[in-house]
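Biologist: Could you walk me through this one? I'd like to go from the overall build down to a few side chains.

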Amino acid sequence: MGRPNWEKTTTDLDQYPKPIPPENICGTEYDIAHAKWGKKWRLPSVQEMRELVQKCEWKWTTYKDRDGMLVTGPNGNSIFLPAVGFTNERSSWNTFDDDLNPTIQVYGYYWTGTLYGTEGTDNARACFLFFDKWGEVSFSKRTNYNFRSSGQSVRAVTE
């Protein structure tokens with residue numbers, strides 16, 4: 001098996017090197033952060049994203065002219081997650097608040113390295129984090145738009 005093709009954008013599982021990847025790709029050859037940035041970098045696991053949602057304080061803010069969430073942990077350390085949407089072959093999710101201000105991005109979507117399931121069509125889906133400017137911060141395992149081929153953002157982690 002050769003190196004995965006990171007340019008694939010199809011939901012046709014036969015187009016990928018392995019139709020059903022491991023349930024957790026964090027730190028493997030299928031992990032885009034690990035492949036692009038090196039061995040110490042990887043996608044966060046679904047458990048790490050849940051911990052971020054449950055244990056941290058989330059605040060909508062602007063940082064370096066980007067809207068998004070400032071996420072502060074119990075130890076006082078923080079990260080900024082820009083509001084970014086996603087795209088796939090069917091549509092681009094509108095990331096802008098058109099009614100109030102067409103320049104303000106309002107949604108964030110970030111991949112985890114955890115597959116949603118391994119049975120039927122669920123193997124085409126992966127877990128991700130969702131947030132919006134109205135305060136909904138959730139861990140999502142299933143939506144209409146979480147196919148592995150969707151163009152969502154990555155926030156890599158390191159040990």
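**A loop proline, the fold and its rings**

Modeller: Sure, and keep in mind that this is a predicted model. Let's start with Pro 74: its relative accessible area is 71%, so it counts as exposed.

Biologist: Which strands flank the loop that holds Pro 74?

Modeller: Pro 74 isn't part of a strand itself; it sits in a loop. The flanking elements are strand E3 (66-72) and strand E4 (78-82).

Biologist: Leaving out residues up to four places away in sequence, what does Pro 74 touch?

Modeller: Lys 55 is 19 residues away along the chain, yet its C-alpha atom and that of Pro 74 are separated by 6.9 Å. A contact takes heavy atoms within 4.5 Å. With the sequence neighbours set aside, the residues that Pro 74 touches are Lys 55 and Cys 56.

Biologist: Zooming out, in what order do the elements run from the N terminus?

Modeller: The tally is 2 helices and 10 strands. Read from the N terminus on, the order is α-β-α-β-β-β-β-β-β-β-β-β.

Biologist: What share of the residues is buried?

Modeller: To count as buried, a residue needs under 20% relative accessible area. Out of 159 residues in the protein, the buried share is 40%.

Biologist: And how much of the exposed area do carbon and sulfur atoms supply?

Modeller: The protein exposes about 9200 Å². Of that area, the carbon and sulfur share is 49%.

Biologist: On to the rings: what kind of pair do Trp 37 and Trp 41 make?

Modeller: Ring centres have to lie within 6.5 Å to pair, and planes over 60 degrees apart count as edge-to-face. By that rule there are 9 aromatic pairs. For Trp 37 and Trp 41 the centres are 6.4 Å apart and the planes at 75 degrees, so the pair is edge-to-face.

Biologist: How exposed is each of the two, Trp 37 and Trp 41?

Modeller: Trp 37 has a relative accessible area of 51%, so it is exposed. Trp 41, at 27%, counts as partly exposed.

Biologist: What about Tyr 109 and Phe 128: which type of pair are they?

Modeller: Their ring centres are 5.8 Å apart with the planes at 35 degrees, so the pair is tilted.
Tyr 109 is in strand E7 (residues 107-115) and Phe 128 in strand E8 (residues 126-132), so the pair links distant parts of the chain, 19 residues apart. Both residues are buried, and the type of pair is tilted.

Biologist: Which residues form an aromatic cluster with that pair?

Modeller: Tyr 109 and Phe 128 belong to one aromatic cluster. The other members are Tyr 107, Trp 111, Phe 130 and Trp 134.

Key. Residues are numbered from 1 along each chain as its sequence is written. This is a predicted model: local features need pLDDT of at least 70, side-chain atom pairs count only at pLDDT 80 or more; totals for chains, interfaces and linings use all residues. Side-chain values use heavy atoms; hydrogens and water are left out. Helices (H or I, at least four residues) and strands (E, at least two) are DSSP runs, numbered from the N terminus. Buried means under 20% relative accessible area, exposed over 50%, partly exposed in between (1.4 Å probe, protein chains only). Accessible areas come from the Shrake-Rupley method with a 1.4 Å probe; for residues, only the protein chains shown count as cover. Rings of Phe, Tyr and Trp (its six-membered ring) pair if their centres lie within 6.5 Å; planes under 30 degrees apart count as stacked, over 60 as edge-to-face and the rest as tilted.
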